[in-house]
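Q: I'd like to learn how to read a few features of a fold straight off the model. Can we go through it together?

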Amino acid sequence: MQVFFKSRDPQAADLLDLSQRRTRFVLRRLAWLVPQATVRMSDVNGPRGGIDKQCQVELKTDVAGTVVASSVASDWRSALDKALARAARFLLRLVRRDGESRRLRQRAIALD
């Protein structure tokens, strides 16, 4: 899986290695679905502070197309973890839903 990192903020740029490791770790079981992931980090309010660290995770998949999840938190790590968790949950739901529909189709064919 390729993991790309984009950020204009100098503090977020220090998180390049962390974001790549966390992305690979969270999506390790779904890596066969996700050939490419892009992590974007931005500071919404700039130097004013507050809960303004935004992380957007974009996963390009063969099954579901492009999946985008974003999160806003007070620090970079929390924003990254929340966005990755949302994206992983969504992909798991898609895989389970697809598996269930296949099983139902197979049962219907077997009954005919």
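Q: What does the side chain of Thr23 reach?
A: A polar contact is a pair of N or O atoms within 3.5 Å; within protein, one must be able to donate a hydrogen and the other to accept it, and residues adjacent in sequence count only if both atoms are side-chain atoms. Here the Thr23 side chain reaches the backbone oxygen of Ser19 at 2.6 Å. Keep in mind that this is a predicted model, where local features need pLDDT of at least 70 and side-chain atom pairs count only at pLDDT 80 or more, while totals for chains, interfaces and linings use all residues. Residues are numbered from 1 along each chain as its sequence is written, and side-chain values use heavy atoms, with hydrogens and water left out.

Q: Where is Thr23 found, and is Thr23 buried or exposed?
A: Look in helix α2, residues 16-26; helices (H or I, at least four residues) and strands (E, at least two) are DSSP runs, numbered from the N terminus. Buried means under 20% relative accessible area, exposed over 50%, and partly exposed in between (1.4 Å probe, protein chains only). Thr23 counts as buried because its relative accessibility is 0%. Leaving aside neighbours within four places in sequence, Thr23 is in contact (heavy atoms within 4.5 Å) with Met1, Val3, Ala37, Val39 and Leu84.

Q: Which residues of the largest nonpolar core touch the most other members?
A: In soluble globular proteins, nonpolar side chains tend to be buried together. A nonpolar core is a set of buried Ala, Val, Leu, Ile, Met, Phe, Trp, Tyr and Cys residues joined through side-chain atoms within 4.5 Å. This one has 25 residues, and Val39, Met41, Cys55, Val57, Leu59, Leu80 and Leu91 touch the most other members. Strands β2 (36-43), β3 and β4 and helix α3 (76-111) each supply at least two residues of this core, with the largest share, 8 residues, coming from α3.

Q: Which face of strand β4 is covered?
A: In a regular strand the side chains alternate between the two faces of the sheet. In β4 (residues 66-73), Val67, Ala69, Ser71 and Ala73 make up the covered face, and Thr66, Val68, Ser70 and Val72 the uncovered one.

Q: How do β3 and β4 pair?
A: Two strands pair if DSSP finds at least two bridges between them. β3 (residues 53-60) and β4 do so in the antiparallel sense, over 8 bridges, and Thr66 is the bridge partner of Lys60. The two strands form a hairpin with 5 residues between them, and Gly65 in the turn has a positive phi of about 80 degrees.
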